[in-house]
Amino acid sequence: LFLISYEAAFVKGCDDYFSDLRLYLELGLALSFLYHIYDWKIDGEISQAFKAIKTAQKSTIFTQAPRRLERSLLKVSEFKLDILDNIEDLMNPLKVTADWYYQSAYEHILRLLKVKDYENIVTHKIDALEDLYSTAQEISYSKVALITEIIIILLIAFEVIAMLPPILSGK
């Protein structure tokens, strides 16, 4: 028995239907909670990355800051791979159930729980951390290039100075 209006619905005698919907609701809640956990963990890694960048700014040439930033990026990349490999399949209603009605119900549950919004937030934070790492890596490479250029100039100057005494003495 189904009685449906725009404000409410009354369903009687469909126990299997409700148990299936309850399972899809639990799956949607689990996905939402999982994205919350990833968001919290990525926030921690971003704060570690900012500490590493501040350390790199204060130091002269060589520090452990790029390594700390790289560790944060590796952890976040692990999260990204997990999201791509496992969670994206659970976000797709076609991969969760073959029944079109359950697909639309599951999609509606995900929309109500704003799971896609949390996925976008987590993805944005991962992308921001990757951009941060690439910027820090470029800065690190430019420091190494500058040091190499200074060493080459010093070696050339040393060679010129080493050749001056024989030239000045006339030999």
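**Close-up views of helix α4, a pocket and two salt-bridge sites**

**View 1. The two faces of α4.** Trp100, Arg111 and Leu112 are exposed (over 50% relative accessible area, 1.4 Å probe, protein chains only), and these residues sit on the face of α4 that is turned away from its buried side. The model is predicted, so local features need pLDDT of at least 70 and side-chain atom pairs pLDDT 80 or more, while totals for chains, interfaces and linings use all residues. Residues are numbered from 1 along each chain as its sequence is written, and side-chain values use heavy atoms, without hydrogens or water. The buried residues (under 20%) of this helix are Tyr102, Gln103, Ala105, Tyr106, Ile109 and Leu110. These residues cover an arc of only 165° around the axis, taken from the directions to the C-beta atoms, which puts them on the same side of α4.

**View 2. The length and the end of α4.** The helix (a DSSP run of H or I, at least four residues) has 13 residues, which should span 18 Å at 1.5 Å a residue (times one less than the residue number). The end C-alpha atoms of α4 are 18 Å apart, which agrees with the expected span. Lys114 follows α4 and has a positive phi, near 60°.

**View 3. The second largest pocket, lined by parts of α1 and α4.** A pocket is an open set of points on a 1 Å grid where a 1.4 Å probe fits, with protein on both sides within 12 Å along at least five of seven lines; lining residues have an atom within 4 Å of a point. The volume of this one is about 230 Å³. Its lining consists of Tyr17, Leu21, Leu25, Tyr101, Ser104, Ala105, His108, Ile109, Leu112 and Leu113. Helices α1 (15-58) and α4 (100-112) each supply at least two of the lining residues. The most comes from α4, which gives six. By class, the lining has eight nonpolar residues, two polar and no charged. Ala105 and Ile109 in this lining are also among the buried residues of α4, whereas Leu112, another lining residue, is one of the exposed residues on the opposite face of the helix.

**View 4. A salt bridge within α1.** A salt bridge is a side-chain nitrogen of Lys or Arg within 4 Å of a carboxyl oxygen of Asp or Glu, and the structure holds seven of them. In one, Glu26 pairs with Arg22, with the closest N and O atoms 2.9 Å apart. Both residues belong to α1 and stand four residues apart, about one turn of the helix. Glu26 counts as partly exposed (in between 20% and 50%), because its relative accessibility is 40%. Arg22 counts as partly exposed at 44%.

**View 5. Lys125 between Asp39 and Asp43.** Lys125 forms a salt bridge with Asp39, the closest N and O atoms being 2.5 Å apart. Lys125 lies in helix α5 (residues 115-169) and Asp39 in helix α1, so this pair ties together parts that are 86 residues apart in sequence. Both partners count as buried, Lys125 at 18% relative accessibility and Asp39 at 14%. Asp43 also meets Lys125 in a salt bridge, with 2.5 Å from N to O. Asp43 lies in α1 and Lys125 in α5, so the pair ties together parts that are 82 residues apart in sequence. Asp43 counts as partly exposed at 33%. Through shared partners, the salt bridges join Asp39, Asp43 and Lys125 into one network.

Notes:
Points joined across faces, edges and corners; volume = space filled by probe spheres on them. Nonpolar A, V, L, I, M, F, W, Y, C, P; charged D, E, K, R; others polar.
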